[in-house]
Amino acid sequence: MRKDYKLEKRKYVIGGFITLIVIIYVVRLFGLQIGDVKYKESADSNAFLRRVIYPARGLVYDRNDKLVVFNKPAYDVMLIPKDVGEFDTTMICSALSITKEQLLERWRDMKDTRKNPGYSAYTPQKLISHLSQEDYGKLQEKLYLLPGFFIQKRTVREYGYHTGANILGNIREVNTGDMDKDHYYRRGDYTGDLGIEKSYEKALRGIKGVEILMKDAYGRIKGKYENGVHDVAPVSGKNLKLSIDIELQEYGESLMRGKVGAIVAIEPATGEILALVTSPNYDPSLLVGRERGKNYAKLSSDPAHPLYDRAIQAGYPPGSTFKPTQGLIFLQEGVIDLNTMYPCYHGYINGLRVGCHGHGSPIALKPALQTSCNAYFCWGFKNMMDKKGTKTKDQFEKWKNYMVEMGYGYPLGIDLPHEGRGFIPNNDFYSKSFRGANWTANSVISISIGQGEILATPLQIANLGATIANRGWFITPHVVKEISDSTIDKKYLEKRAPHIKREHYEAVAEGMRMAVLGGTCRTANLPDVEVCGKTGTAQNPHGRDHSVFMGFAPYHNPKIAVAVYVENAGFGATFGVPIGSLIIEKYLKGEISSSRKHIEERMLNTSTIIGSGVKK
């Protein structure tokens, strides 16, 4: 009886041992076949070559259907390291137009897991990118002598116009961060970098395809696996139609040659950007092909900062282009009406000296806009801050909120990366600046004329012009008008309206019209177009003042709003107004009239580069 019990117990021990061995084998087999990618890659690479088929990247057109960005074929030299045998280095170097040292360096970089994370001898690796058509032809003839090598067809960008690099952006090879964020990407893929190539990357890139090829025991391609039944065709990227008028963009860049600054032109009714010029700029074709890295390094180290998009990133003092915002706030708050007059005899406000220039005094709002009277807007600001029965900080918070509604102090939301926010101070800022001491309207009064701590981007200044043109509303500015087989973000269709009455915008628009007819913007007066404008001469602590203009046309049913900012160029009427008026005339008329050709010639042939006062 006792013996039988021991045998029974031993049976369970042996059974348990056998079960454990089976479990270990199952786990190990699972690891080899499913979990260990190395073995899977080895097995697959012995029999198959999965070749990615890259989709054609979406094309880019301007608002008038002119082809701006398209594709041309390019070729990468790929290889599967474990399949590579002996090969003639002299022959391959000759075919690729490189030296033996360059070939060996690329080979080392390819196998260096720090430079090429995830390197595997079993998967396709890129040796050389962007072969020319000529080198591709020469190498194609030699491929049968190069086991393990193959050519991957791609496309690279080509440009119909050598302009608008800040809008278009470029493409670059993905890095580890890109692959971690989006599993669409694999080593050697490309992604958008800057401009619309970045912000519309998912629409432009399309969907990759794949073809599965069979290999024999010697690694030679024998044809498609099961006649291509398992292949997946690529899906081309979506085409974009820009709101940009590429010829106006080109013209704007020519006017800004030899100058530092920006031009922004907007269609008020739609928020569509017609031109977005930053200067200095660069040719977008510099960032294509094998020389991309070298050219990018040169542009990055250029002291003129051509990669810096001043139109949407630079924070500038807006100067007197800011005064219309103050008139609107004062009217809405009841601080003034159209008959309210303030003195400007010597520019003194309760003992505070405010510089101005010769014009009538006292003066009302419309002529104050016409003549750009500093004292008028300082008086209005002081009276708003010191309104009886209120606290300065409460009034200032109310003032700041109006400014934010009008598009200042935060990014507007343009469909381009890295938009700047400018700067509108708040109570906390001044409390810290004055170290907790009380501050008054007189302490910060320069902000009422767009100086002091106020900073705005040229885009924000142009957007103010569009808002006044529309008499009280704007649509978020954007550079893409249409996406094929898709719709643009609804925020680029919706109106945004500050809490200011239309009648107040009408008054400000009339004052800006008066500035063109007989005030500071007379150079902008066109024979057949009613232009409204506002100059700005922005003080610059780093050197000569900046020349600024903001305006729109026509006065009724406006088609274009413009902001021009030229660094270190003096009075607003010297460069800002002429350039702005030329942009308006070129867009509305298609050409510059003979009577104004001398203005065009002066703008095209004058340089103002003597140093940059931009705040980044």
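## A walk through the model

Start with the open sheet: five strands in the order E12-E11-E20-E19-E18, paired antiparallel. Strand E12 (272–279) and strand E18 (532–538) sit at the edges with a single partner strand each, so one side of each has no neighbour in the sheet. Step across the strands and you'll find that the twist averages 5° from one to the next. Keep in mind as you click around that this is a predicted model.

**Stop 1: inside the sheet**

Select residues 261–267 and 560–566. These are strands E11 and E20, which run antiparallel and are joined by six bridges. For a marker on this pairing, pick Ala-265, whose bridge partner in E20 is Val-562.

Next, bring up helix H19 (residues 502–518), which packs on the sheet and touches E18 and strand E19 (546–553). The direction of helix H19 makes about 75° with that of E18. Then add helix H20 (residues 576–589), which lies across E11, E12, E18, E19 and E20. Helix H20 runs at about 150° to E20.

**Stop 2: the E18 edge**

Now zoom in on E18. How much of E18 is covered? Mostly: six of its seven residues are buried. Seven bridges join E18 to E19, and the two run antiparallel. To see the register, select Thr-535 and look opposite, where Phe-549 in E19 stands.

**Stop 3: Glu-506 on helix H19**

Go back to helix H19 and pick Glu-506, which is found there. Buried or exposed, or in between? Glu-506 has a relative accessible area of 29%, above the 20% limit for buried and below the 50% limit for exposed, so it counts as partly exposed. Show the side chain of Arg-471 as well: Glu-506 forms a salt bridge with Arg-471, and the closest N and O atoms are 3.1 Å apart. Arg-471 lies in the loop between helix H18 (458–469) and strand E15 (474–475), so the pair ties together parts that are 35 residues apart in sequence. At 7% relative accessibility, Arg-471 counts as buried.

While Glu-506 is selected, try a distance to Tyr-282. The two are 40 Å apart in space, C-alpha to C-alpha, and 224 residues apart in sequence.

**Stop 4: more salt bridges**

A search of the whole structure turns up 31 salt bridges. Pick Glu-267 and Arg-63, one of these pairs, with the closest N and O atoms 3.5 Å apart. This pair links distant parts of the chain: Glu-267 is in strand E11, while Arg-63 is in the loop between strand E2 (60–61) and E3, 204 residues apart. Both Glu-267 and Arg-63 are buried.

Then move to Glu-173 and Lys-126, a salt bridge whose closest N and O atoms are 2.8 Å apart. Here strand E6 (residues 170–173) supplies Glu-173 and strand E4 (residues 125–131) supplies Lys-126, linking parts of the chain 47 residues apart. Glu-173 counts as partly exposed, at 37% relative accessibility.

For a cluster, select Arg-57, Arg-157, Glu-197 and Glu-201 together. Salt bridges with shared partners join these four into one network: Arg-57, Arg-157, Glu-197 and Glu-201.

**Stop 5: strands E3 and E5**

Select residues 149–159. That's strand E5, mostly covered, with eight of its 11 residues buried. Add strand E3 (residues 67–79), which runs antiparallel to E5 and is joined to it by 11 bridges. Which residue of E5 is the bridge partner of Pro-73? Look for Thr-155.

**Stop 6: Gln-249 and its neighbours**

Helix H10 (residues 246–255) is next, and Gln-249 lies in it. Gln-249 is buried, with a relative accessible area of 0%. Show its surroundings: leaving out residues up to four places away in sequence, Gln-249 touches Thr-163, Gly-164, Asn-166, Ile-167, Ile-244, Ala-275, Leu-276 and Val-277.

**Last stop: a nonpolar patch**

Finally, turn on the surface and select Ile-14, Phe-17, Ile-18, Ile-21, Val-22, Tyr-25 and Val-26. Together, these residues make a nonpolar surface patch of about 690 Å². Single out Ile-21, which lies in helix H1 (residues 2–35). Ile-21 is partly exposed, with a relative accessible area of 32%.

Methods:
Residues are numbered from 1 along each chain as its sequence is written. This is a predicted model: local features need pLDDT of at least 70, side-chain atom pairs count only at pLDDT 80 or more; totals for chains, interfaces and linings use all residues. Side-chain values use heavy atoms; hydrogens and water are left out. Two strands pair if DSSP finds at least two bridges between them. Helices (H or I, at least four residues) and strands (E, at least two) are DSSP runs, numbered from the N terminus. Axes are lines fitted to C-alpha atoms, for helices over the stretch in contact, and angles run from 0 to 180 degrees between N-to-C directions. Contact means heavy atoms within 4.5 Å. Patches are made of residues with over 30% relative accessible area and no salt bridge: like charges are joined within 9 Å, nonpolar side chains (Val, Leu, Ile, Met, Phe, Trp, Tyr) within 5 Å. Accessible areas come from the Shrake-Rupley method with a 1.4 Å probe; for residues, only the protein chains shown count as cover. Buried means under 20% relative accessible area, exposed over 50%, partly exposed in between (1.4 Å probe, protein chains only).
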